[in-house]
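Work through the exercises below with the structure in view, trying each task before reading the solution that follows.

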Amino acid sequence: MDPIAIAVDDLRELYLREMALVHQTWERTGDGTAAIRRRSAIVDRILIEMWRRAFAGNPGYNVSLLALGGYGRKDLFPFSDIDVLFAYADDKTEELAKEPVRAIIQGMWDIGLRASPSARTLKEAGRFDPDNLEFLLATLDRRFLAGQFPLYQQLHQTVFPGLVLSEWNQITQKLGEIARSRHAKFGNTIFHLEPNVKDCPGGLRDYHLAGWFALLFHLKETREWPRQRGGVFQSARGDAEAAFDFLAAARCFLHFRHGRDNNVLDWQSQDEAAAQSIGLETRGTADPAYWMRTYYRHARVIYRRAVLLMENLPAPVSFYKQFRKRKSAIAGTDFILDQGRIDIHPGTQFSEAASILRVFAQMAVHGYMLSQTAEDAITDSLPALAIQIPEGPYLWNALREVLLGPHAAHALRTMHALGVLEMLLPEFHGIDALVIRDSYHRYTVDEHTFLTIDNVHGLRRPAHDYEQRLAQLLPEIDRLDLLMLSLLLHDTGKGRRTGEHTVQSVELADSFLARLDFDNEERETVLKLIRMHLEMSNALRRDIFDAENVRAFSEKIGSPMLLKMLTLMTYADIKAVNPEALTPWKAENLWQLYMATANFLDRSVDESRYHAAIDPTLLNRLRSMVSPGEYAALGQFLEGLPQRYLQTRLPEHIRNHFQLSLHLDNDPDPHPVQLDLRPNRQLFDLTVIARDRTRLFADVAGALAGWGMNIVKAGAFSNDAGVIVDSFLFTDTFHTLELNPSEKDRFLLYVHDVVAQKVKVEQMLGARRRQHRAQGVKVEVPTRIEFDSESSSQSTILQVVAQDGPGLLRQIALTLSAHHCNIEAALIDTEGGTAIDVIYLTREGIKLSEETQRTLAQELTAALDAARAPATP
């Protein structure tokens with residue numbers, strides 16, 4: 001057949017004109033669902049006309065044009081691909097129609113439509129390709145557009161249903177595998193700082209996944225295709241449809257904003273979407289945190305329904321399941337257990353909460369899931385149950401069973417999603433899907449709460465060394481139920497948005513405990529845990545080997561049992577902030593703080609500095625590791641070293657540092673220096689041994705930053721002889737030393753030359769700063785400077801909260817050096833883009849005066865603000 005060309009200039013103008021109107025209407029109304037429906041209608045009109053023109057000379061060819069996928073559903077987003085199927089009666093017809101079809105596809109691209117065409121004969125359409133499930137899923141959402149309607153009817157009524165029914169098990173299992181793999185790619189959570197509204201769990205793909213499963217189950221049950229596809233997946237309360245409308249509006253916004261098929265809600269997009277109230281019923285400007293809260297609520301609805309439908313999939317027969325009863329009644333309830341899923345008898349209505357609470361306890365103990373029917377029945381019964389809400393010991397006993405179950409978080413999430421938790425605990429409503437909008441807190445406050453409970457129960461299956469240590473505390477806690485209740489309530493005060501949230505949480509918890517009829521001892525335990533749940537995290541930002549800090553912290557805690565509970569609470573709380581929040585280093589420090597505090601509570605406190613005359617134990621132990629001629633020098637090296645240095649290093653390391661210090665006197669360099677670099681778990685530990693001089697600490701910090709190293713802790717130690725032993729723990733951000741072992745020598749040579757004042761650090765550090773500025777920051781962090789001369793008996797504590805960036809510690813150290821301040825120790829922490837540096841300072845051996853503190857506060861603020869300012873062109 002001769003090549004066919006069809007004129008499409010008028011159709012291109014029509015498409016551009018109509019899409020401009022779609023965009024204008026969208027900007028005026030914000031109705032995403034209407035926009036995608038209208039674009040689908042526009043493309044229908046254009047393709048039907050193109051078909052008429054292409055097949056004008058051969059209208060009798062037995063060929064059909066079908067809309068598939070999102071286009072078939074009439075969910076055609078502004079820059080989505082156009083999925084179409086050219087269906088042929090046989091191979092001969094396919095050959096005859098080749099040129100008209102080619103002309104249509106070319107015309108689509110000429111118009112500006114991103115064509116995604118497929119072609120199948122009737123025979124090919126009836127074959128199942130397990131490696132191309134996407135095509136089969138696209139055919140589930142099909143519509144007739146043009147061509148021979150009888151051919152389409154044959155596909156619709158016979159070929160496709162027959163294919164799906166014959167391969168039903170394989171199709172559904174494969175679909176479940178793909179969905180689980182996609183969920184795993186996103187961490188099996190809806191909570192992401194910058195979610196993809198299409199592919200993330202709870203996104204549009206999950207909405208369609210639920211629709212596909214509903215359609216597949218309907219087809220298997222009735223043996224026929226539903227007359228109206230939407231009817232097989234509709235939620236009783238309309239929450240799934242409302243969620244779709246919101247996500248449709250969000251995706252339209254992203255497409256129009258980027259001018260392409262971009263579905264990621266990045267930080268700036270969230271700000272703009274909130275400013276325009278995208279997807280919200282009211283127009284105007286919304287707070288970004290509120291807008292994201294709405295997003296998470298809708299995503300939660302869709303994700304739950306998709307997961308529930310996946311759980312309905314028939315599982316492969318296992319040895320265990322051969323002996324499991326298919327159905328069994330749950331005693332004292334109207335529920336039945338059916339192969340690990342909890343269902344109800346048809347027509348069951350609930351008039352009291354006892355059976356429902358008993359079922360949630362079963363879920364917490366065994367990890368059972370509710371069926372969709374059971375969930376809907378529970379939700380529908382809430383108005384009747386709310387008339388007489390259980391209180392007192394009965395409510396506490398029921399809630400206690402849930403909290404102590406190994407799957408407590410799963411049961412609580414279900415109670416929360418169905419409205420049961422808020423019915424029993426109205427104080428929890430304020431944190432429903434509440435967003436803490438920064439780059440550190442990944443989860444909403446309610447999900448964070450459930451994760452804390454999950455983290456404590458997870459210690460029964462420790463995966464890391466630090467978890468094994470912390471797990472030792474579990475059997476020593478007499479009232480684990482009170483700890484779990486404290487975790488459930490510890491952040492409820494964040495819902496009030498005013499005042500210190502720990503104070504607000506205590507007030508809300510107190511009202512709930514009153515309804516539980518707690519005695520004074522139980523009540524005080526829970527309230528004290530909630531009131532103090534940040535104390536241990538804050539203590540980790542101080543020197544945990546400073547006896548004064550340990551003493552002050554111990555006095556706040558008061559009892560060994562409360563310390564154990566608070567340690568597990570802190571572990572669970574930090575770990576639940578984001579997947580990377582609890583590093584092995586933080587976990588180790590948490591355990592060290594626990595041990596130091598436990599020792600203090602047992603009246604075992606060490607001296608702050610080492611003096612052999614007071615305690616010769618360490619000197620005697622190390623003497624066996626050195627030669628007799630080095631005994632006297634060893635004593636001089638140890639004399640006056642801080643206990644925190646000696647307690648955090650093995651005797652072998654101390655001996656090595658001592659022997660390195662011996663080389664200082666024999667080094668002809670005017671600024672002799674010795675370096676010791678060794679791996680420390682996922683970190684590197686660099687020790688710098690030198691004679692004291694100004695700016696030494698700042699120079700080492702700058703050298704590390706120049707190489708892209710991220711300092712997580714630093715210590716500045718000295719002995720009575722004026723030998724400096726500075727310690728820097730850092731992460732190798734770009735894995736330079738790990739991937740290129742030969743770079744270690746060059747790295748150490750550079751640090752050596754910087755400390756020996758042979759090279760200047762600013763050139764390399766400046767390049768690193770420019771690179772950091774070019775990347776930009778997501779959240780601006782205002783600089784805060786605080787001094788504390790009370791918590792330490794020897795030093796003034798400086799806390800700097802500022803925007804993190806290369807060379808921040810160096811800038812701080814330079815400013816301190818200019819005022820002749822001596823850094824006794826430095827603790828470096830980073831949460832998202834926020835640096836929290838705590839530095840112990842003295843000046844001429846004593847604490848800083850108030851005048852010095854005021855001057856330093858002004859100069860540090862100015863220096864740090866200037867350092868993060870954009871570079872002048």
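**Exercise 1.** Is Met 50 buried or exposed, and what is its relative accessible area?

*Solution.* The model is a predicted one, and every step here rests on computed values. Begin by locating the residue: Met 50 is found in helix α2. Next, take its relative accessible area, which is 0%; since buried means under 20%, Met 50 is buried. Finally, look at its surroundings: leaving aside residues up to four places away in sequence, Met 50 touches Ile 6, Leu 11, Ala 103, Ile 104, Gly 107, Met 108 and Ile 111.

**Exercise 2.** Explain why the rings of Trp 51 and Phe 86 count as a stacked pair, and state which parts of the chain the pair ties together.

*Solution.* A search of the whole structure gives 23 aromatic pairs. For the rings of Trp 51 and Phe 86, the first step is the distance between the centres, 6.4 Å, and the second is the angle between the planes, 15°. Rings pair if their centres lie within 6.5 Å, and planes under 30 degrees apart count as stacked, so this pair is stacked. The third step is to place the partners: Trp 51 lies in helix α2 (residues 32-54) and Phe 86 in strand β2 (residues 82-88), so the pair ties together parts that are 35 residues apart in sequence. As a last step, consider accessibility, where Trp 51 at 9% counts as buried, and Phe 86, with a relative accessible area of 1%, is buried as well.

**Exercise 3.** What are the distance and angle for the pair of Phe 428 and Phe 450, and where do the two residues lie?

*Solution.* The centres of the two rings are 5.6 Å apart and the angle between the planes is 25°, and the pair of Phe 428 and Phe 450 is stacked. Phe 428 sits in the loop between α19 (420-424) and α20 (445-458), whereas Phe 450 belongs to helix α20, so that the pair links distant parts of the chain, 22 residues apart. Both Phe 428 and Phe 450 are buried.

**Exercise 4.** How many cavities of 30 Å³ or more are there, and which residues lie nearest the centre of the largest cavity?

*Solution.* The count comes to 3 cavities of 30 Å³ or more, and the largest cavity has a volume of about 90 Å³. Its lining is made up of 15 residues, of which Leu 193, Tyr 296, Val 435, Ile 436 and Arg 437 lie nearest the centre. Sorting the lining of the largest cavity by character gives 8 nonpolar, 4 polar and 3 charged residues.

Technical notes:
Residues are numbered from 1 along each chain as its sequence is written. This is a predicted model: local features need pLDDT of at least 70, side-chain atom pairs count only at pLDDT 80 or more; totals for chains, interfaces and linings use all residues. Side-chain values use heavy atoms; hydrogens and water are left out. Rings of Phe, Tyr and Trp (its six-membered ring) pair if their centres lie within 6.5 Å; planes under 30 degrees apart count as stacked, over 60 as edge-to-face and the rest as tilted. Helices (H or I, at least four residues) and strands (E, at least two) are DSSP runs, numbered from the N terminus. Buried means under 20% relative accessible area, exposed over 50%, partly exposed in between (1.4 Å probe, protein chains only). Contact means heavy atoms within 4.5 Å. On a 1 Å grid over the protein atoms alone, a cavity is a set of points where a 1.4 Å probe fits but cannot get out, and a pocket is an open set with protein on both sides within 12 Å along at least five of seven lines; lining residues have an atom within 4 Å of a point. Grid points are joined across faces, edges and corners, and a volume is the space filled by probe spheres set on the points. Ala, Val, Leu, Ile, Met, Phe, Trp, Tyr, Cys and Pro count as nonpolar, Asp, Glu, Lys and Arg as charged, and the others, Gly among them, as polar.
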